[in-house]
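Please open the structure in your viewer and keep the selection panel at hand. The stops below are meant to be followed in order.

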Amino acid sequence: MDAVPFSTRLRTESRDRHEEAEQSAFMSDLLGGRLGVDAYRRYTGQLWFVYRALESAGDRLADDPVAGPFVRPSLARLPELERDLNHLYGDGSWRATLTALPATAAYAGRILQCAATWPAGYVAHHYTRYLGDLSGGQIIRDRAEKTWGFAHKGDGVRFYVFAGVPNPAAYKRRYRELLDALPLDDLELRRVIDECRRAFALNTAMFRALEQAVALGA
Ligand code: HEM
């Protein structure tokens, strides 16, 4: 029997990839207040494609025995991202012009592929984004409010505000229990860890592409 809970393995065995994403130039510049609001607007726009993939797929997986228990309406970020984008662009014009960077399209594509063929792989992507948003995401919100003057938990940073999750620490505990109860054998759990590492790498690639786009002003 494996004494280490799966949720602990997932965290420790993806830690190096977390550090890589966290320490990427784009993230450190964003958090260090070295980027203009345009970079934040671009980042938020790319997240829209990621969460459209996560949440359109989530709707279809709600009854899946493996992925279903993780899919919760209280986590939904797409409506919040849309409110933030309306604020950041001043109106809904972004809908006609927003395009996914190739790295973002690859990331969203992988999420949809997992959702269609491998629900456990979708769980890896779900964990990587939502548990991160409930954790380090709060640091990003705080910096964004201070750097670009958004109202506390208001328009522009609603993506980071989980009104339906009043106690994030308790929510994360419950989430880890769900991870520990995944009905999967050892080989499949190993594959989920690998997919989580891939999910982090896809985020890092998206940050790198954003960094280049911002530098080029493209
Ligand atoms: C957890 C910070 C970026 C995914 C955490 C925690 C912190 C943190 C402090 C631990 C919270 C706790 O123990 O409850 C940050 C900071 C980031 C950042 C400052 C950016 C500068 C990211 C990114 C992702 C991510 C880009 C993925 C896309 C996660 C996940 C966890 C986590 C999945 C939960 C780990 C677990 O407890 O199982 N982050 N993070 N983080 N972060 Fe990040």
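**From the iron ligand to the salt bridges**

Begin with the iron atom of the ligand: its only protein donor is H18, through NE2, at 2.1 Å. The model being viewed is predicted. Colour helix α2, residues 15–22, and H18 will be found within that helix.

Next, select E13 and R190, whose side chains form a salt bridge with an N to O distance of 2.7 Å. This pair links distant parts of the chain, 177 residues apart: E13 is in the loop between α1 (6–12) and α2, while R190 is in helix α11 (residues 186–216). Display the surface here: E13 is partly exposed at 26% relative accessibility, and R190 is likewise classed as partly exposed, at 31%.

Remain on helix α11 and select E195 together with R110; their side chains meet in a salt bridge at 2.7 Å, N to O. Because E195 lies in helix α11 and R110 in helix α7 (residues 102–117), the pair ties together parts 85 residues apart in sequence. E195 is buried, with a relative accessible area of 4%, and R110 also counts as buried, at 15%. Then add R9, E13, R190 and D194 to the selection: salt bridges with shared partners join these four residues into one network.

Finally, select R95 and E82, a salt bridge whose closest N and O atoms are 3.0 Å apart. R95 belongs to helix α6 (residues 94–97) and E82 to helix α5 (residues 78–89), 13 residues apart. Which of the two is buried, and which partly exposed? E82 is buried at 19% relative accessible area, whereas R95 is partly exposed at 48%. For a wider survey, the structure holds 15 salt bridges.

Methods: Residues numbered from 1 in each chain as written. Predicted model: local features only at pLDDT ≥ 70, side-chain atom pairs only at ≥ 80, totals over all residues. Heavy atoms only, no water. Donors = N, O, S within 2.8 Å, 3.2 Å for Na, K, Ca; no water. Helix = DSSP H or I, 4+ residues; strand = E, 2+ residues; numbered from the N terminus. Buried < 20%, exposed > 50% of the residue type's maximum accessible area, 1.4 Å probe, protein only.
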